[in-house]
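Got the viewer open? Let's take a short walk through this one, selecting as we go.

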Amino acid sequence: MCHRVFEHNQFRGCGHKQRIRTGRTDCYRLDCIFSALHPQNCVNPACAQSMAPDEETVTYVTFAKCPACREAEAAGSS
Ligand SMILES: [Zn+2]
Ligand SMILES: [Zn+2]
Ligand SMILES: [Zn+2]
């Protein structure tokens, strides 16, 4: 089944993740209403009506802190 994919940068310095991209994978099944190949006029109730669980992937790992934490740190030290 189709599902959404969230790509993240992971900041080991603070443990936070920053979402950089939201994508979607297509299963290309004829019996999944989210698929590009699913016929638009299809009313078959047996077709998959819900997406598979979201998938989270980490694209990039850094040992720095995330921008929000760096900003908070800079604001706190002044
Ligand atoms: Zn699908
Ligand atoms: Zn269908
Ligand atoms: Zn952070």
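Start with S2, residues 16–25. This strand is hardly covered: among its ten residues, the count of buried ones is zero. Buried here calls for 20 or more other C-beta atoms within 10 Å of a residue's own, exposed for 12 or fewer, and partly exposed is anything in between, with C-beta atoms placed from the backbone. Strands (E, at least two residues) and helices (H or I, at least four) are DSSP runs, numbered from the N terminus.

A quick word on what you are looking at. This is a predicted model, where local features need pLDDT of at least 70 and side-chain atom pairs count only at pLDDT 80 or more, while totals for chains, interfaces and linings use all residues. Residues are numbered from 1 along each chain as its sequence is written, with chains lettered from A and ligands numbered from 1 in the order in which they are written.

Now zoom in on Gln-18, which sits in strand S2. Is it buried or exposed? Gln-18 counts as partly exposed, because 13 other C-beta atoms lie within 10 Å. Leaving aside residues up to four places away in sequence, Gln-18 touches His-8, Asn-9, Phe-11 and Cys-66; contact means that the two C-beta atoms, placed from the backbone, lie within 7 Å. Then draw a distance from Gln-18 to Pro-53: they are 35 residues apart along the chain, and their C-alpha atoms are separated by 19 Å.

Next, add S1, residues 3–11. S1 and S2 run antiparallel and are joined by nine bridges; for two strands to pair, DSSP must find at least two bridges between them. Pick out His-3, whose bridge partner in S2 is Thr-25, then Phe-6, which stands opposite Thr-22. Follow the chain round the hairpin, where four residues lie between S1 and S2. In that turn, stop at Gly-15, with its positive phi of about 85°.

Select S3 too, residues 55–62. S3 pairs with S1 in the parallel sense, over seven bridges. Two spots to click on are Glu-7, opposite Thr-57, and Asn-9, opposite Tyr-60.

With the three strands lit up, you have an open sheet in the order S2-S1-S3, with mixed pairing. S2 and S3 stand at the edges with a single partner strand each, so one side of each has no neighbour in the sheet. From one strand to the next the twist averages 25°, taken as the angle, on a scale of 0 to 180 degrees, between N-to-C directions of axes fitted to C-alpha atoms.

Finally, zoom out. The chain holds three strands and one helix, in the pattern β-β-β-α along the sequence. Its C-alpha atoms fill a box of roughly 60 × 20 × 15 Å along the principal axes. Buried residues make up 4% of the 78 residues.
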